[in-house]
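Visitor: I would like to understand the words people use for a model like this one. Could you show me the structure and take me through them?

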Amino acid sequence: MDLSKIIKNIEIEEILNYKDVDIKGISYNSNTINSHEIFVCLKGEHVDGHEFAQAAFEKGAIALMCEKPLNIEIPQLIVESTQESIADLAAIFYHNPSYELNLMGVTGTNGKTTIAHLVQKIFEQDRKKCALIGTLGYKLSSGDDYLEAKHTTPQAPKMQETLQKILKADVLNVITEVSSHALEQSRVKNCCFSTAIFTNLTQDHLDYHITMDNYFNAKAKLFKSLKKGNFAIINNDDKFAARFIDTIDKDVRIITYGVKNDSDVMARNIEFKPDGVNFDCHYQDRIVNFKLHLNGMFSVYNCLAAIAVGLINNVSLEIIKAALEDTRSVAGRFEIVRTNPMVIVDYAHTPDGLENILRAARELTPKDGNLICLFGCGGNRDCTKRPKMGKIAQQLCDKIIVTSDNPRQEDPQQIITDILSGLTLINPKTVFIEPDRRLAIKLLKDISTKNDVLILAGKGHENYQILADKTIHFDDREEVNKIFCE
């Protein structure tokens, strides 16, 4: 794309060294930039892209987008905010693909990944193609392998490029997870959403957002972007529901779902069983019974959200029922990886997420068995949730093992100490400490019997562990199957 066309469509404060070069791509990483790409100097939490502009130039950058003039003799587009402008640049470069798509975004602290997969399943049951973008990667259909994703929601250029690929593949429906970071960093700016889904809002990412109000305001951006004719699907049982509804334009249609409060889509007569959960779905004058292979109250909420998405897209309750009843767990989301004892791996890494899975696991725990949870907390992340998670684990479990998650640059022992500070009593018969996660899983085997239910929380689908100086391969599911077979 010619630079002249980009300039006509983006607000630019100043242009230096101008000549109408042909832009072949967009990059914000000097290590992976290709020849004839424009390099955008993003300011991140830890690094400033302006410091890598010279390296990008030496590797073939043909132009720069930056917030200040640089001593480099190629065209420079000076903008007020590269974080904002990269989204404008990406939308123009990839020809605004979302304008031709039915783009649905799901946001909230928990449940995004599962809901996205359930929605994809519902569309496909109705013989409609639906692509998915999220934590596990992106794929054009449920039968495809995931393509790698580095973020829950990709950076703006990758997001627009992915949407363009989806459109070119003749897939017109897209469900995407939308993280608070993505909204705050304008990664989905210029994405035209037809539907926004709110799951819940509980403590997470306060290392980044600082306050719950900031966290809410980031999430609310998705709903403020909706226009006349769009849909907002809201968890009416969440304490932030009314605040989200207040942010939505009056011409946007609101669909609520819930269990406790009167909602458009409701679950009643909920019954938990070892092999799943049953409930009656009430919508308008219809009542349809669902028998799911998923478990836990959180699964009921996730399914209600997906049901609402299906309904507004003219999918019948019968087809929705068939899709959801055919669905097993999503990778790393309350995933049962072994039986005798039952071992469940889950991504829960927030106080609310941990509480939800432990309550669901308690429903599956025999009267003569123990509920045992192995968990840790990530380093360089919100440390205030650590004691809360410790307290929840102690209250809901018979035994707990506190270990490492992704310690990053923090001392693993300090993270564990923070978790333990939330415990009322550290009884060596019920509270075990092992910083090495692999050894902690071995310990889990040693202290359990075949009637116990074992939860490994925090990492879920992740197949790596981030240490201070390196990232190693580590998958809870692999380790469990290896160690429990020894």
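Visitor: Where do K158 and E161 lie, and how many residues apart are they?

Guide: This is a predicted model, and in it K158 and E161 both sit in helix α5, three residues apart, which is about one turn of the helix.

Visitor: What makes K158 and E161 a salt bridge?

Guide: The closest N and O atoms of K158 and E161 are 3.2 Å apart. The rule asks for a Lys or Arg side-chain nitrogen within 4 Å of a carboxyl oxygen of Asp or Glu, so the pair qualifies. In general, side chains of opposite charge can pair when their charged atoms come close.

Visitor: Why is K158 called partly exposed?

Guide: K158 has a relative accessible area of 38%. Partly exposed covers the range between under 20%, for buried, and over 50%, for exposed, so K158 belongs there. E161, at 21%, is partly exposed too.

Visitor: How do you know that T162 is buried?

Guide: Its relative accessible area is 1%, and buried means under 20%, so T162 counts as buried. T162 is also in helix α5 (residues 156–168). Leaving aside neighbours within four places in sequence, T162 is in contact with I133 and Y138.

Visitor: What makes the span of helix α4 agree with what is expected?

Guide: Helix α4 (residues 112–125) has 14 residues, which at 1.5 Å a residue should span 20 Å. The C-alpha atoms at its ends are 20 Å apart, so the two values agree. Helix α4 is also mostly covered, with eleven of its 14 residues buried, among them H117 and F123. Just after α4, R127 takes a positive phi of about 65°.

Visitor: Why do E84 and K189 count as a salt bridge?

Guide: Their closest N and O atoms are 3.1 Å apart, and the cut-off is 4 Å, so the pair counts. The pair links distant parts of the chain: E84 is in helix α3 (residues 82–93), while K189 is in the loop between α6 and β10, 105 residues away. K189 is also one of the residues that lie nearest the centre of the second largest pocket, whose volume is about 280 Å³.

Visitor: What does the salt bridge between E184 and K221 tie together?

Guide: The side chains of E184 and K221 meet at 3.7 Å, N to O. E184 lies in helix α6 and K221 in helix α8, so the pair ties together parts that are 37 residues apart in sequence.

How values were computed:
Residues are numbered from 1 along each chain as its sequence is written. This is a predicted model: local features need pLDDT of at least 70, side-chain atom pairs count only at pLDDT 80 or more; totals for chains, interfaces and linings use all residues. Side-chain values use heavy atoms; hydrogens and water are left out. Helices (H or I, at least four residues) and strands (E, at least two) are DSSP runs, numbered from the N terminus. Buried means under 20% relative accessible area, exposed over 50%, partly exposed in between (1.4 Å probe, protein chains only). Contact means heavy atoms within 4.5 Å. The expected span of a helix is 1.5 Å times one less than its number of residues. On a 1 Å grid over the protein atoms alone, a cavity is a set of points where a 1.4 Å probe fits but cannot get out, and a pocket is an open set with protein on both sides within 12 Å along at least five of seven lines; lining residues have an atom within 4 Å of a point. Grid points are joined across faces, edges and corners, and a volume is the space filled by probe spheres set on the points.
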